[in-house]
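Proteins have empty spaces as well as atoms. Let's take a friendly tour of the gaps in this one, and then look at the frame around them.

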Amino acid sequence: QTPQLVDCVVDIVVLLYQRRLSSFDRSMTGFRRPIGANADLAELEFISALHQTSPELRQDGSIHAADIAHFLKSRYGIDVDLDLVQKTILKGLGGGDDTEDCIDLTEIVAILIIPLLIKFSSSEVDGPADNNNSNDFLEMVDNDIVGDVLQAILHDSTGDCNPKELDRALVRDIFKTYGESQLVNDDDLIDEMIEAAKLPSNSSDDNDRGSLLDKKSFLRALTSDVREYNVEWENTLSTHYFDVFQTYENEPNQELTRNASALLQDERSPVASNYTDMESLDPVHSSSSHKNYGTKLKKVAMYPEVDYTIGSYRSKLFVVLLWFTAVCAYTSYVSPADHDFGKLDCEARDINLFLCQMLNGTSQWLVVFFELSILGTAFICLGSIGHNIHAKSILPTILGMIFVITFAILPYFVELKTDVFSTVKVADGYEFRYVITLCGGFSLLALQLFHIIRLCIPAHVMDKHLRVKQLFTPSLIWYESYSKRAASYKTCNLVRNAHSVHDFEETFSSSQSKTGSISSYGRALLNFRKLSNEFEETGGIVWVWKSLLDGSIYSKEGIWLPSRLVAANLSMVVVIITLLILAFKIISGVNSLVDLFAGFDNDYLPKPWMMITSMYLGVFSALSATITLAMVYIPSAVSQVLQFRSGVLKSLNSCRFSVYRYTDNDSVSLVFGTIFWGAAVTAVCVFFMVSSVVFFLVWQVTRPYAYLLMAQILGIAVSLGIHKLIMLVLRKQYYVAFYRKMPAAANFTGVVLQCWNLGITSGYVIYRVVYLLVATVLYAGRVDISLLSDAVRTVGPVDLDYGPITFRKDLLAHEAHRHPYLERLGVMYLMKLQHGKEFARASGSCWRLLFVFALFPWLRKYRIEARCASNRSKWGSSRPLPTRNRPDTSQHKESQKESLDGESTEVVSETALQEKIYLLEKKIEELTNEKNLRNY
């Protein structure tokens with residue numbers, strides 16, 4: 001039995017360790033993430049808040065033409081005017097023909113599920129695909145979800161879930177059921193919708209060319225106008241832009257595809273700031289539809305080598321090493337501590353000493369500004385030449401290698417001293433910085449040489465050997481491929497969660513009896529209102545690093561880590577190495593002091609072991625704090641992004657979210673420096689704090705006072721322990737929540753405790769001051785979280801802790817360009833620019849909109865408010881938006897019936913009542929948010 005006992009003890013120890021680790025993990029960056037339909041709705045609101053560019057957030061979540069134009073220019077460098085966006089992108093994706101429309105949240109969902117619907121159609125109509133890679137996530141979704149949605153539509157509109165003859169009357173009934181009263185009389189649109197559900201005339205399946213609205217015809221109606229989208233793109237190593245145009249960005253004089261409507265060019269000069277008008281290109285397959293949208297497109301210069309907002313450079317590792325080498329080169333050769341440029345000799349000049357020191361301080365920081373602005377920018381920009389996925393020649397990369405050699409390698413071998421920089425080595429014990437700079441330079445050269453080898457390998461060799469192609473594929477293409485997979489995963493999860501809210505079986509089973517029958521729409525709304533959030537532990541340090549190692553953070557969550565954050569994390573290595581060298585220097589310094597005071601016999605001199613112990617513990621604590629900072633920053637960034645997505649941190653309905661959108665967005669450049677110097681300052685503060693405390697405890701002069709202080713602390717601790725034990729017994733007897741079981745005994749006990757606490761709370765106040773100081777020291781270097789609460793963070797207009805806002809700005813800027821949903825929306829925008837009316841016609845968009853109405857009835861409130869509140873918007877078109885799609889809830893009312901007293905009584909359907917309740921709740925929420933915004 002001994003081995004079994006040992007195994008049992010080991011299991012207990014492991015379990016306790018895992019619990020302790022899980023608790024620590026949760027306390028640092030972890031949180032309980034909501035999952036399910038409510039969390040999906042919060043993420044949709046989040047992407048709407050990111051996508052909007054108006055000065056004030058539109059609470060209805062609608063996206064206007066100006067928002068799309070800004071997104072296309074910032075993400076892809078395509079400059080399109082608002083008229084082109086309205087006539088090409090919004091016309092069709094917006095579900096109608098009006099050119100002044102907007103895209104509301106229901107239409108956004110209808111756009112996002114296009115690839116999923118194509119997969120359903122390929123499996124049902126065209127048969128299973130030969131390559132099942134694109135259907136990896138389909139197992140998450142019920143195979144019959146399209147059939148369930150169709151039955152729900154038929155059940156709610158006709159009272160019977162069996163397939164019906166597809167004609168104008170049926171489509172009108174469906175429109176009336178879901179409140180699209182303005183589309184009821186649009187006969188041309190209805191005829192197009194009916195035609196979209198039928199098989200083409202050249203189809204060989206004569207038995208399936210009828211006009212019956214069943215599952216197959218419904219799938220055809222949902223996907224017949226979006227077949228140009230290839231679902232296999234989700235499994236290819238390519239960028240989103242390449243998938244649509246079959247070419248990479250910034251290729252001058254390159255035809256996009258044979259169906260392209262325009263020729264995109266780019267001024268390749270890094271200093272180019274204006275765009276070049278492109279001449280329109282007649283498509284090979286010219287048609288009237290193509291001619292309508294074949295207008296001029298404009299491409300603006302982006303300089304992708306240093307585009308750290310969307311990360312369009314070739315390799316993230318190269319960018320991280322480049323900035324790391326820049327930090328090392330600055331501390332080695334350009335640091336103001338190595339030269340006296342700009343300093344005044346206060347002793348030689350007849351000038352006030354204080355004034356001279358002020359001038360020296362000002363000049364020194366101005367020198368730092370000019371040094372880093374000129375030399376740093378030159379090193380980063382010139383060293384990045386050729387670092388993009390569009391380069392076809394090795395000459396730009398060779399030029400970049402020359403500048404890397406000039407700035408990072410040559411100074412190690414050539415000694416030169418000027419007023420601005422000095423390459424003369426200083427023997428100060430920190431010579432490692434020169435070696436690290438040299439190693440960083442050689443690492444950059446190796447990556448650039450790797451890129452040159454890739455350019456020299458013929459294309460047919462790359463296509464023939466898959467492993468070679470994957471080895472030389474730039475990391476940007478890998479990350480965008482992960483983003484495509486994440487969009488597919490998240491969309492499947494979105495549809496699955498919505499499907500789980502419905503109770504289709506009970507709805508369809510009760511449809512046979514007319515009494516007590518409830519619509520699928522109303523039942524889903526009731527279930528959604530009663531839905532309680534489910535949670536999962538997410539975002540902890542262990543969880544994030546584990547997800548980074550297995551790749552799920554990219555392929556499922558679609559997180560895009562900012563290069564500034566990763567580079568700052570790597571730069572902490574400099575701080576860690578400095579601390580290690582400091583430990584060795586302490587040994588030699590203490591030994592020198594021991595030799596110096598060996599002949600003295602003084603009671604006040606500390607013993608060697610006292611200094612060594614205090615210094616070692618200080619260095620160890622500083623090293624631990626720095627390593628903890630290096631481990632926690634990336635998990636903290638991931639955790640905050642997931643909190644925004646899941647609604648833990650509010651976005652669309654929050655009055656504070658505007659702080660991240662329209663105030664000094666250029667401040668994200670502070671992130672890299674604040675993280676690096678924050679770690680250095682934290683290490684120094686922790687070192688002095690721990691060393692001082694330990695030395696105070698062990699030095700023979702202060703040891704008696706330390707003993708006295710420890711005795712007082714122990715006495716207070718014992719008193720508090722007795723207090724806790726007594727109250728642990730009495731609380732259950734005297735109190736229940738806020739009420740007293742025994743009022744007299746509770747009152748008497750309260751008087752005793754209040755008199756007792758009058759003495760011991762002095763110790764509590766001292767303890768509070770101490771732990772606040774310790775927390776300040778430990779968290780001073782963490783600019784990712786706020787140390788101060790909202791009540792004390794601001795003094796008038798001054799924000800005392802602006803670092804966390806800047807940190808979140810950087811995360812949200814990346815999310816606004818790289819969120820998987822926004823990436824998919826961007827692809828659909830590009831598809832509309834590429835194919836015009838041939839992609840996403842109004843008829844198909846209306847069918848998909850009906851699919852969303854039936855599966856996501858809780859999104860209906862955004863559909864209504866998007867139409868009613870659009871006219872109140874101050875952004876976008878100056879003319880009022882049309883009321884084409886504004887739902888009229890009166891269409892839900894049944895015919896008038898005479899009551900017993902002869903008066904006319906209005907009988908309202910259950911669906912209309914549920915919708916009214918939902919709208920009233922939303923209105924209350926809006927008024928509350930508006931009041932909070934005014935107060936804020």
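## What counts as a cavity

A cavity is a set of grid points where a 1.4 Å probe fits but cannot get out, while a pocket is an open set with protein on both sides. Rolling a probe the size of a water molecule over the atoms shows where empty space is left. Keep in mind that what you see is a predicted model.

With that rule in hand, how many cavities of 30 Å³ or more are there? The count comes to 10.

## The second largest cavity

Let's step into one of these enclosed spaces. The second largest cavity holds about 90 Å³ of space. Its lining is made up of Y229, W233, E234, H240, D243, K484, A487, P820, R824 and V827. Sorted by type, these lining residues are 5 nonpolar, 1 polar and 4 charged.

Which helices supply at least two residues each to this lining? They are α11 (240-245), α19 (475-501) and α30 (820-835). The largest share, 3 residues, is the contribution of α30.

## The largest pocket

Now for an open space. The largest pocket contains about 1300 Å³, and 40 residues line it. If you want to find its centre in the 3D view, look for W323, A326, Y330, L372 and G376, the lining residues that lie nearest to it.

Two or more lining residues come from each of α13 (316-334), α14 (353-383), α15 (395-413), α24 (563-596) and α26 (670-698). Of these helices, α14 gives the largest share, with 12 residues. The lining of the largest pocket divides into 28 nonpolar, 10 polar and 2 charged residues.

## The whole protein

Stepping back, you can trace 33 helices and 15 strands in the protein. The protein has 936 residues, and 49% of them count as buried. Its exposed surface is about 45700 Å², with carbon and sulfur atoms supplying 61% of that area.

How do distant parts of the sequence meet? Take the contacts between residues at least 6 apart in sequence: 75% of them join residues at least 24 apart.

## A closer look at one helix

Helix α2 (residues 37-51) makes a nice exercise. Is α2 mostly covered or mostly open? It is mostly covered, since 14 of its 15 residues are buried.

You can also check its length. At 1.5 Å a residue, the 15 residues of α2 should span 21 Å, and the end C-alpha atoms are indeed 21 Å apart, so the two values agree.

Notes: Residues numbered from 1 in each chain as written. Predicted model: local features only at pLDDT ≥ 70, side-chain atom pairs only at ≥ 80, totals over all residues. Heavy atoms only, no water. 1 Å grid on protein atoms, 1.4 Å probe; cavity = no way out; pocket = protein on both sides within 12 Å on 5 of 7 lines; lining within 4 Å. Points joined across faces, edges and corners; volume = space filled by probe spheres on them. Helix = DSSP H or I, 4+ residues; strand = E, 2+ residues; numbered from the N terminus. Nonpolar A, V, L, I, M, F, W, Y, C, P; charged D, E, K, R; others polar. Buried < 20%, exposed > 50% of the residue type's maximum accessible area, 1.4 Å probe, protein only. Contact = heavy atoms within 4.5 Å. Areas by Shrake-Rupley, 256 points an atom, 1.4 Å probe, with all protein chains shown as cover. Expected span 1.5 Å × (residues − 1).
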